[in-house]
Amino acid sequence: NTACLGGNIATGSPISDLNPIWVACGAIFECRKHGNQSRRLKASEFFLGYRKTALHAQELLISITLPFSDENEHIKVFKQSHRREDDIAIVTGCLRVKLKPVAGEWHCAEAAFAFGGVAPKTIMCPAVARSIEGKTWNRQLLDAGLAALCDDICLDAASPGGMPEFRMSLVKAFFFKFYVGTLRAVRAKIGAAIQEGDATCSTLFPDGAGASLDCSAVEEPSQTSRTSIQVFSSTGSQVVGQPHMHTSGKLHVSGEAVY
């Protein structure tokens, strides 16, 4: 599994952009060794440690099954890096909840949160899930989830990668943005339902929890495109600006290069 989706998973990087998605969304990995029957593993059980997976020797990851999401399921993926493009992550995360209407409110029926960059492997946050499942999607749920994050993620000054306070603040910021974004999505759905004459869950915001919906935390940043031109002059005797082939170029493209 090299230079492909399976290779990205099998390398087991703790700051992978994709692995939190597989874990939080309940993906199933099918693994097989030549001459053996295939076996199916939950993504949440696949990553064992730093760049260590449940793959056996000579075994390949041959397929990935990702379940479809439900109508009232909300999923958001986050990544924070030093640069906007072409950079490895500081912290990555995938947050997923399934909501259901109960007595005029939206309750969290199921939750799964996975993060990378906060441990030697991609991890889930079971304490956070337990703290919010069965509760109404409101500010009290947000506070409970934020408090439980410290039970699942423990970063200190000795943590590999450094910046423990910054990375923990990113995790909490991801959770807050997910909460507000989901609240906005639910409110938009309820608004449409009310316009159609369906008053179900019209009391979703009795405590004014929707007041923060205009928070910039969930607005997509906009940036104008920038272009630049660099002009320089050269003579025939200068190397800069001339298409000189690297002496080992032919060996690289022919596969004959020796390292």
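# Exercises on a predicted model

His74 is buried, with a relative accessible area of 17%. The model is predicted, and each exercise below is worked from computed values.

## Exercise 1. The surroundings of His74

Classify His74 as buried or exposed, then place it in its strand and list its contacts.

**Solution.**
- Step 1. Take the relative accessible area of His74, which is 17%.
- Step 2. Apply the cut-off: buried means under 20%. His74 is therefore buried.
- Step 3. Locate the residue. His74 belongs to strand S6, residues 73-81.
- Step 4. Collect the contacts, leaving out residues up to four places away in sequence. His74 touches Leu95, Arg96, Val97 and Leu99, and also Phe178, Thr182, Ala185 and Val186.

## Exercise 2. The cavity

State how many cavities of 30 Å³ or more the structure holds, and which residues line the largest cavity.

**Solution.**
- Step 1. Recall the principle. Rolling a probe the size of a water molecule over the atoms shows where empty space is left.
- Step 2. Count. One cavity of 30 Å³ or more is present.
- Step 3. Give the volume. The largest cavity encloses about 30 Å³ of space.
- Step 4. Name the lining. It consists of Asn72, His74, Leu99, Trp106, Val186 and Lys189. His74 touches Leu99 and Val186, and these two residues also line the largest cavity.

## Exercise 3. Aromatic pairs

Describe the geometry of the pair Phe29 and Phe46, then of the pair Phe46 and Phe47.

**Solution.**
- Step 1. Choose the descriptors. A pair of aromatic rings is described by the distance of the centres and the angle of the planes.
- Step 2. Set the scene. The whole structure contains eight aromatic pairs.
- Step 3. Treat Phe29 and Phe46. Their centres are 5.0 Å apart and their planes stand at 90 degrees, an edge-to-face pair.
- Step 4. Place both residues. Phe29 is in strand S1 (residues 28-33), and Phe46 is in the loop between strand S2 (39-42) and strand S3 (47-49), so the pair ties together parts that are 17 residues apart in sequence.
- Step 5. Treat Phe46 and Phe47. The ring centres lie 5.2 Å apart with the planes at 90 degrees, so this pair is edge-to-face.
- Step 6. Check burial. Phe29 is buried. Phe46 is buried at 0% relative accessible area, and Phe47 is buried at 4%.
- Step 7. Look elsewhere. Ring pairs also join Phe113, Trp137, Phe175, Phe178 and Tyr179 into a cluster.

## Exercise 4. The open sheet

Work out the strand order of the three-stranded sheet and identify its edge strands.

**Solution.**
- Step 1. Read the order: S2-S1-S5, with antiparallel pairing, in an open sheet.
- Step 2. Find the edges. S2 and strand S5 (59-65) each pair on one side only.
- Step 3. Add the twist, which averages 30 degrees from one strand to the next.
- Step 4. Examine S1 and S2. Four bridges join these antiparallel strands. Glu30 has Arg40 of S2 as its bridge partner.
- Step 5. Inspect the turn. S1 and S2 form a hairpin with five residues between them, and Gly35 in the turn has a positive phi of about 85 degrees.

## Exercise 5. The largest pocket

Determine which element gives the largest share of the lining of the largest pocket.

**Solution.**
- Step 1. Start with the volume, about 600 Å³.
- Step 2. Go to the centre. Among the 21 lining residues, Lys76, Phe78, Lys177, Glu220 and Pro221 are the closest to it.
- Step 3. List contributors. S6 and helix H5 (164-195) each supply at least two lining residues.
- Step 4. Rank them. S6 gives the largest share, eight residues.

Note on methods
Residues are numbered from 1 along each chain as its sequence is written. This is a predicted model: local features need pLDDT of at least 70, side-chain atom pairs count only at pLDDT 80 or more; totals for chains, interfaces and linings use all residues. Side-chain values use heavy atoms; hydrogens and water are left out. Buried means under 20% relative accessible area, exposed over 50%, partly exposed in between (1.4 Å probe, protein chains only). Contact means heavy atoms within 4.5 Å. Rings of Phe, Tyr and Trp (its six-membered ring) pair if their centres lie within 6.5 Å; planes under 30 degrees apart count as stacked, over 60 as edge-to-face and the rest as tilted. Two strands pair if DSSP finds at least two bridges between them. Axes are lines fitted to C-alpha atoms, for helices over the stretch in contact, and angles run from 0 to 180 degrees between N-to-C directions. On a 1 Å grid over the protein atoms alone, a cavity is a set of points where a 1.4 Å probe fits but cannot get out, and a pocket is an open set with protein on both sides within 12 Å along at least five of seven lines; lining residues have an atom within 4 Å of a point. Grid points are joined across faces, edges and corners, and a volume is the space filled by probe spheres set on the points.
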